[in-house]
Amino acid sequence: MNRTDRLLGIVLQLQAKGWLRAEDLANIFETSKRTIYRDMNALSETGIPVVSSPGQGFSLVEGYFLPPVNFTADEAVVLLLGAGTMADTFDDDYCRAAQSATTKIRTTLPTTIADAVDQLEARLHFIRGTSPTADLTMLRRIRSAVINQRRLRFTYHTRHVSDDNRNSNRREVDPYGLIHHQGKWYLVAHCHLREGLRNFRLERIDDLETLLQSFQRPADFTLREQEDDRDLIVRVYFDHAITRWVLEEPSFFQESIEHVGDDLLVTYRVRQIDEIKGWLLSWGARARVLEPETLRKALANEAHAILANYESEKSLLP
């Protein structure tokens, strides 16, 4: 990175994060603290209002902002596509915000760049959309609880809950964040019933309540690096005849993939075997579970039950 780019980067970092120490900036830009001090002097000499404070580091004078950024055609297209995705997948509030952002981006583009953006958009098309059963009112309420750190209570439906344990469906959770994965929304939250981090699919939530209790999100929590209690390892061998389709539609629980000739050896990480049992059954005899033994037996029992279903006279009934 040349010095001009680094100086601009430093201003952007300070504008976004407020206070940063010299060692923080040195780590970000992979340079020495001495170089950062020289850069700060250079910024001050060019009229950028940099302030420093012992123990806090450097910041910009409150109210200072850089002039509008000039986007390239590719950068503008990426931003517009991102805004379009938000408009199509989030609730009304964020949809309006995305539409407003789109308008602002387009109005800042010079004519030549705007024409190039129009040409690129004519050649790039993303088909977007949420699940048809997505409840946008619920999504808005959950988003509000995440932002305001308010506890939620709801009924949660899971296929693997036994008939004599239906009460376990009633949950109280501290909502940490939302994830949009393969067209579905998931709530990441601390579940007080299970005493740990859980993912809840919004389509399976009923009777949602926002409670008065507040909570404190862990300071080190991030959605990208969340650690939960999926400590059950599942290893599956897929026949070469279906490897293309397994790669095309990976499971939410996929951990790693190893190519064995034309076949695949895939590792998954789950909390319990019921989370992946149905998905594995959909691949039929082309998928073979290597471990754990409990899942191997569960799949074998299910296969025997399916066979018995078709061997009995009841299978002939409409």
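Trainee: Which residues is Phe252 in contact with, leaving aside its neighbours within four places in sequence?

Mentor: Phe252 is in contact with His181, Asn199 and Arg230. Bear in mind that this is a predicted model.

Trainee: What makes those three residues contacts of Phe252?

Mentor: Heavy atoms within 4.5 Å make a contact. His181, Asn199 and Arg230 each count as such for Phe252.

Trainee: Where is Phe252 placed?

Mentor: In the loop between helix H8 (243–248) and strand E9 (254–260). The C-alpha atom of Phe252 is 9.2 Å from that of Ile276, with their places 24 residues apart along the chain.

Trainee: Why does Phe252 count as partly exposed?

Mentor: Its relative accessibility is 30%. Buried means under 20%, and exposed means over 50%. The value falls in between, so Phe252 is partly exposed.

Trainee: Now Ser59. Is Ser59 buried or exposed?

Mentor: The relative accessible area of Ser59 is 7%. That is under 20%, so Ser59 is buried. Ser59 sits in strand E2 (residues 57–60).

Trainee: Which residues does Ser59 touch, not counting residues up to four places away in sequence?

Mentor: Leu14, Gly18, Trp19, Pro49, Val50 and Val51. With Gly18 there is also a polar approach: a polar atom of the Ser59 side chain lies 3.4 Å from the backbone oxygen of Gly18. The limit for a polar contact is 3.5 Å, so that distance falls within it.

Trainee: How many aromatic pairs does the structure hold?

Mentor: Ten. One of them joins Tyr37 and Phe58.

Trainee: What makes the pair of Tyr37 and Phe58 edge-to-face?

Mentor: The ring centres are 6.0 Å apart and the planes meet at 65°. Rings pair when their centres lie within 6.5 Å, and planes over 60 degrees apart count as edge-to-face. Both tests are passed, so the label fits. Tyr37 is in helix H3 (residues 33–45) and Phe58 in strand E2, so the pair links parts of the chain 21 residues apart.

Trainee: Which of these words fits Tyr37, buried or partly exposed?

Mentor: Tyr37 has 43% relative accessibility, so it is partly exposed. Phe58, at 10%, is buried.

Trainee: Why is the pair of Tyr156 and Phe200 edge-to-face?

Mentor: The centres are 5.0 Å apart and the planes stand at 85°, so the pair is edge-to-face. It links strand E3 (residues 150–156), which holds Tyr156, to strand E6 (residues 196–201), which holds Phe200, 44 residues apart. Tyr156 is buried at 5%, and Phe200 is buried at 1%.

Trainee: Which residues do ring pairs link into a cluster?

Mentor: Phe238, Tyr268, Trp279 and Trp283.

Trainee: On to charges. How do you know that Arg153 and Glu209 meet in a salt bridge?

Mentor: Their N to O distance is 3.4 Å. The cut-off is 4 Å, so the pair qualifies. Arg153 is in strand E3 and Glu209 in strand E7 (residues 205–214), so the bridge ties together parts 56 residues apart in sequence. Arg153 is partly exposed at 25%, and Glu209 is partly exposed at 30%. A search of the whole structure finds 17 salt bridges.

Trainee: Where do Asp274 and Lys277 lie?

Mentor: Both are in helix H9 (residues 274–281), three residues apart, about one turn of the helix. Their side chains form a salt bridge at 3.7 Å, N to O. Asp274 is partly exposed at 36%. Lys277, at 18%, is under 20%, so it is buried.

Trainee: Which residues do salt bridges that share partners join into one network?

Mentor: Arg151, Arg153, Arg170, Glu172, Asp174 and Glu209.

Trainee: Last, helix H7. Which residues in H7 are buried?

Mentor: Met138, Leu139, Ile142, Arg143, Ala145 and Val146.

Trainee: How do you know that the buried residues line one face of H7?

Mentor: Looking down the H7 axis, they fall within an arc of 160°, so they line one face. H7 (residues 136–148) has 13 residues and reaches 18 Å from first C-alpha to last, close to the 18 Å expected. Just after H7, Gln149 takes a positive phi of about 55°.

Notes:
Residues are numbered from 1 along each chain as its sequence is written. This is a predicted model: local features need pLDDT of at least 70, side-chain atom pairs count only at pLDDT 80 or more; totals for chains, interfaces and linings use all residues. Side-chain values use heavy atoms; hydrogens and water are left out. Helices (H or I, at least four residues) and strands (E, at least two) are DSSP runs, numbered from the N terminus. Buried means under 20% relative accessible area, exposed over 50%, partly exposed in between (1.4 Å probe, protein chains only). A polar contact is a pair of N or O atoms within 3.5 Å; within protein, one must be able to donate a hydrogen and the other to accept it, and residues adjacent in sequence count only if both atoms are side-chain atoms. Rings of Phe, Tyr and Trp (its six-membered ring) pair if their centres lie within 6.5 Å; planes under 30 degrees apart count as stacked, over 60 as edge-to-face and the rest as tilted. The expected span of a helix is 1.5 Å times one less than its number of residues. The arc is that of the directions from the helix axis to the C-beta atoms.
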